Amino acid sequence: MLLFCGISSIVISFIGGFLFGIIGGFIGLTLGILSVFLSIRNRIDPNKKNSSGGMVSGVIGSVLAVVTLMMFFIMPGEIKKQAKEKGLENLEKVVDGLKYGIVGMMNEADTQGIDQDIISEELKKLND
């Protein structure tokens with residue numbers, strides 16, 4: 001159970017974070033903290049087995065989740081600033097949805113009636 005929570009926190013922080021932004025980060029952080037907390041509790045009880053795998057994977061998942069959260073809180077503002085400097089109006093309109101990952105940004109584009117191909121082209125221009 002501990003190892004499952006720890007590994008799940010790593011996977012959800014990474015994949016869920018990029019797809020769903022801060023939502024995936026918060027879920028990954030919760031699972032990581034749960035894994036660490038339960039591992040510490042298991043170490044106190046002398047009848048329980050070794051729980052170092054859950055502890056290590058929980059710490060890694062928690063750190064990855066915090067990095068994901070920081071990235072998706074900071075990144076949309078920076079991209080919006082760069083899009084404004086380069087005159088990429090459509091990207092500037094929808095980048096606030098990036099807080100909720102790629103899915104959130106594309107949902108914002110769909111809500112505003114902006115074609116996703118246009119957003120993709122403007123992201124390529126932003127990288128140039």
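This is a short tour of the structure, one selection at a time.

The model is predicted. Keep that in mind at every stop.

**Stop 1: α1 against α3**

Select helix α1, residues 2-20. Then add α3, residues 52-86. The two helices pack at an angle of about 20°. Their axes are 7 Å apart. Angles under 35 degrees count as roughly parallel, so α1 and α3 are roughly parallel to each other. α1 passes α3 in a left-handed crossing.

Now show the side chains where they meet. On α1, look for residues including Leu2, Gly6, Ile10, Phe14 and Gly17. On α3, the contact includes Gly54, Ser57, Gly61, Ala65, Thr68 and Phe72. Which classes of residue make up this contact? There are 11 nonpolar and 11 polar residues, and no charged ones.

As you step along a helix, remember one rule. An α-helix has 3.6 residues a turn, so residues three or four places apart point the same way.

**Stop 2: Leu2**

Stay on α1 and select Leu2, which is found in this helix. Is Leu2 buried or exposed? Its relative accessibility is 13%, so Leu2 counts as buried. Show what surrounds it. Beyond its neighbours within four places in sequence, Leu2 is in contact with Ser35, Leu38, Ser39, Asn42, Ser51 and Gly54.

Next, draw a distance from Leu2 to Ile114. These two are 112 residues apart in sequence. In space, their C-alpha atoms are 44 Å apart.

**Stop 3: Gly21**

Move to the loop between α1 and α2 and pick Gly21. Gly21 has 0% relative accessibility, so it counts as buried. What does Gly21 touch, not counting residues up to four places away in sequence? The answer is Gly16, Thr68, Phe72, Lys99, Tyr100 and Gly101.

Try another distance here, from Gly21 to Phe73. They are 52 residues apart along the chain. Their C-alpha atoms are separated by 8.7 Å.

**Stop 4: Thr68**

One of the contacts of Gly21 is Thr68, so select that next. Thr68 lies in helix α3. At 5% relative accessibility, Thr68 counts as buried. Leaving aside neighbours within four places in sequence, Thr68 is in contact with Ser13, Gly17, Gly21 and Gly25.

**Stop 5: α2 against α3**

Keep α3 on screen and add α2, residues 22-44. These helices pack at an angle of about 155°, with their axes 7 Å apart. That makes α2 roughly antiparallel to α3. Their crossing is left-handed. Colour the contact by class. It has 13 nonpolar, 11 polar and 1 charged residues.

Now click on Phe26 in helix α2. At 42% relative accessibility, Phe26 counts as partly exposed. Measure across to Leu69. Phe26 and Leu69 are 43 residues apart in sequence, but 7.4 Å apart in space, C-alpha to C-alpha.

**Stop 6: α5 and its cover**

Select α5, residues 101-111. Its buried residues are Gly101, Gly104, Met105, Met106 and Ala109. What covers them? The cover includes α1, α3, α4 and α6. Just after α5, find Gly113, which takes a positive phi of about 75°.

**Stop 7: α5 against α6**

Add α6, residues 116-127. α5 and α6 pack at an angle of about 125°, with their axes 9 Å apart. They are therefore oblique to each other. Here the crossing is right-handed.

Show the contact residues. Met105, Met106 and Ala109 come from α5. Gln116, Ile119 and Leu123 come from α6. By class, this contact has 5 nonpolar, 1 polar and no charged residues.

**Stop 8: the largest nonpolar core**

Finish with the largest nonpolar core, which has 18 residues. Select Ile79, Leu91, Val94, Leu98, Met105 and Ile119, the members that touch the most others. The elements that give two or more residues to this core are α2, α3, α4, α5 and α6. Which of them gives the most? It is α3, with 5 residues.

Last, zoom in on Ile119. Not counting residues up to four places away in sequence, Ile119 touches Asn90, Leu91, Val94, Met105, Met106, Ala109 and Ile114.

Terms used. Residues are numbered from 1 along each chain as its sequence is written. This is a predicted model: local features need pLDDT of at least 70, side-chain atom pairs count only at pLDDT 80 or more; totals for chains, interfaces and linings use all residues. Side-chain values use heavy atoms; hydrogens and water are left out. A nonpolar core is a set of buried Ala, Val, Leu, Ile, Met, Phe, Trp, Tyr and Cys residues joined through side-chain atoms within 4.5 Å. Buried means under 20% relative accessible area, exposed over 50%, partly exposed in between (1.4 Å probe, protein chains only). Helices (H or I, at least four residues) and strands (E, at least two) are DSSP runs, numbered from the N terminus. Contact means heavy atoms within 4.5 Å. Axes are lines fitted to C-alpha atoms, for helices over the stretch in contact, and angles run from 0 to 180 degrees between N-to-C directions. Angles under 35 degrees count as roughly parallel, over 145 as roughly antiparallel, 65 to 115 as roughly perpendicular and the rest as oblique. A crossing is left-handed if the near helix is turned anticlockwise from the far one by less than a right angle, and right-handed if clockwise. Ala, Val, Leu, Ile, Met, Phe, Trp, Tyr, Cys and Pro count as nonpolar, Asp, Glu, Lys and Arg as charged, and the others, Gly among them, as polar.
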